[in-house]
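Welcome, and please open your viewer before we set off. We will go from stop to stop, selecting a few residues each time and looking at what is there.

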Amino acid sequence: MTTTIPVRLGERSYDVLVGPGVRTAVADVIRRLGAKRAVVVSARPKEWVPDTGVETLQLPARDGEPDKRLSTVEALCGEFVRFGLTRSDVVVSCGGGTTTDTVGLAAALYHRGVAVIHLPTSLLAQVDASVGGKTAVNLPEGKNLVGAFWQPSAVLCDTDYLSTLPRREILNGLGEIARCHFIGAGDLRGLPLEEQIAASVTLKAGVVAEDERDSGKRHLLNYGHTLGHALELATGFGLRHGEAVAIGTVFAGRLAGVLGRIDQSRVDEHLAVVGHYGLPTALPEDVDPDGLVRQMHRDKKALSGLGFVLDGPAGAELVTDVPEDAVFRALAQMPRAPLDKLIGAVTA
């Protein structure tokens with residue numbers, strides 16, 4: 001069964017298809033675009049990539065934060081030139097969230113924009129990174145600091161890809177699903193994975209339709225991400241993105257409690273939801289709170305002081321100018337565990 005979720009953005013609208021076998025729709029999408037050539041950038045084996053129906057150059061990619069950088073984007077654009085790719089052609093990404101981000105940015109910049117189709121192969125990419133048009137790469141100073149908004153022409157979330165993933169990769173995506181509980185998706189615990197994916201994408205599609213450029217409501221999608229991104233950097237990406245967001249979600253509940261925005265039962269609910277998915281809920285014991293706070297000051301939501309998306313009486317919202325002492329108090333309330341134990345819990 002295939003679920004089709006529209007992302008309504010006027011002339012930039014597109015569909016997200018969720019279900020087994022949907023990757024085979026890529027040739028139909030390319031035909032509708034009228035493209036004569038395609039560059040497929042894939043972090044997966046050739047047999048994972050469906051026929052495009054047009055002349056195609058396939059380039060290798062590597063998932064992972066180390067290759068999510070400007071030099072990778074430059075190298076891809078150079079290959080586009082050598083292949084003779086034009087603005088009327090198409091780029092296809094096939095891989096996890098870092099591949100989706102990097103290839104999306106290359107497509108956004110090449111000739112000031114060439115069509116891109118995403119075939120996300122990880123759960124994290126299917127529920128989050130591939131949808132919404134945010135593309136970015138990292139700098140040594142922080143995550144996703146260089147990027148552009150570039151909406152795809154289609155996103156094909158083939159759930160058959162997920163059967164090949166190790167347990168840790170599934171849990172990595174569940175970190176994004178868990179945080180949806182607190183930003184309007186409702187309780188997704190106990191639903192089949194395909195329904196969890198569709199619910200998460202439906203939530204994101206609605207938010208993006210209201211706020212494509214991240215100037216208001218779209219901040220909700222960063223629930224748990226402020227601390228999460230800081231933890232990724234602090235651990236040298238020893239924590240995967242979804243794992244760090246899971247810890248960041250627990251922290252967001254603690255911080256909202258410290259600020260008096262929610263009661264203790266709602267604080268405890270953050271821990272219960274994240275724990276339900278088998279995700280880590282503690283801070284790595286050797287991370288420095290001062291270093292985390294310094295990194296959180298670099299977050300793109302920190303327009304004035306520290307900014308976090310936090311739960312409250314009216315639901316989640318962006319809260320700015322959060323006092324540092326409140327952040328330190330919430331960090332102090334978090335349990336601690338060795339990093340290898342946190343990682344071991346999700347790989348066992």
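In which sense do strand S2 and strand S9 pair, and over how many bridges? Select residues 14-19 for S2 and bring up S9 beside them: the two strands pair in the parallel sense, over four bridges. Two strands pair here if DSSP finds at least two bridges between them. Helices (H or I, at least four residues) and strands (E, at least two) are DSSP runs, numbered from the N terminus.

A word on what you are viewing: this is a predicted model, in which local features need pLDDT of at least 70, side-chain atom pairs count only at pLDDT 80 or more, and totals for chains, interfaces and linings use all residues. Residues are numbered from 1 along each chain as its sequence is written, and side-chain values use heavy atoms, with hydrogens and water left out.

**Stop 1: strand S9 and its partners**

Select residues 154-158, which make up S9. Five of its five residues are buried, where buried means under 20% relative accessible area, exposed over 50%, and partly exposed in between (1.4 Å probe, protein chains only). Turn the strand to see that both faces are covered: Ala 154, Leu 156 and Asp 158 are on one side, with Val 155 and Cys 157 on the other. Now add Val 18, whose bridge partner in S9 is Cys 157. Next, show strand S6 (residues 115-120), which also pairs with S9 in the parallel sense, over two bridges. His 118 has Val 155 as its bridge partner in S9.

**Stop 2: from His 118 to Thr 100**

Keep His 118 on screen and select Thr 100 in helix H3 (residues 97-109). Which residues does Thr 100 touch, leaving aside its neighbours within four places in sequence? His 118 is one of them, together with Ser 93, Gly 95, Ala 125, Ala 129 and Ser 130. Contact means heavy atoms within 4.5 Å. Thr 100 counts as buried because its relative accessible area is 2%.

Then move to Arg 112, in the loop between H3 and S6. Arg 112 counts as exposed, at 76% relative accessibility. Its phi is near 60°, a positive value in a residue other than glycine.

**Stop 3: a stacked pair of rings**

The whole structure holds four aromatic pairs. Rings of Phe, Tyr and Trp (its six-membered ring) pair if their centres lie within 6.5 Å; planes under 30 degrees apart count as stacked, over 60 as edge-to-face and the rest as tilted. Select Phe 182 and Tyr 223, a stacked pair with 5.9 Å centre to centre and 15° between the planes. This pair links distant parts of the chain, 41 residues apart: Phe 182 is in the loop between helix H5 (167-180) and helix H6 (193-210), and Tyr 223 is in the loop between H6 and helix H7 (225-234). Phe 182 is buried at 3% relative accessible area, and Tyr 223 is buried at 0%.

Stay with these two loops. Between H6 and H7 you can also pick out Asp 214, which is buried at 14% relative accessible area and has a positive phi near 65°. Between H5 and H6, select Gly 190. Is Gly 190 buried or exposed? Gly 190 is exposed, with a relative accessible area of 69%. Apart from neighbours within four places in sequence, Gly 190 is in contact with Gln 196 and His 276.

**Stop 4: charges over rings**

Show Arg 23 and Tyr 161: Arg 23 lies over the face of Tyr 161, at 5.3 Å from the ring centre. Then show Arg 37, which lies over the face of Phe 83 at 4.7 Å from the ring centre. A charge sits over a ring if NZ of Lys or CZ of Arg is within 6 Å of the ring centre and within 35 degrees of the ring normal.

**Stop 5: a hairpin**

Select strand S11 (residues 306-310) and strand S12 (residues 317-322), which pair in the antiparallel sense over four bridges. Leu 306 stands opposite Val 322 in S12. Six residues lie between the strands of this hairpin, and Gly 315 takes a positive phi near 95°.

**Last stop: zoom out**

Show the whole protein, with its 12 helices and 13 strands. Its C-alpha trace spans about 60 × 40 × 40 Å along the principal axes. Of the 348 residues, 57% count as buried.
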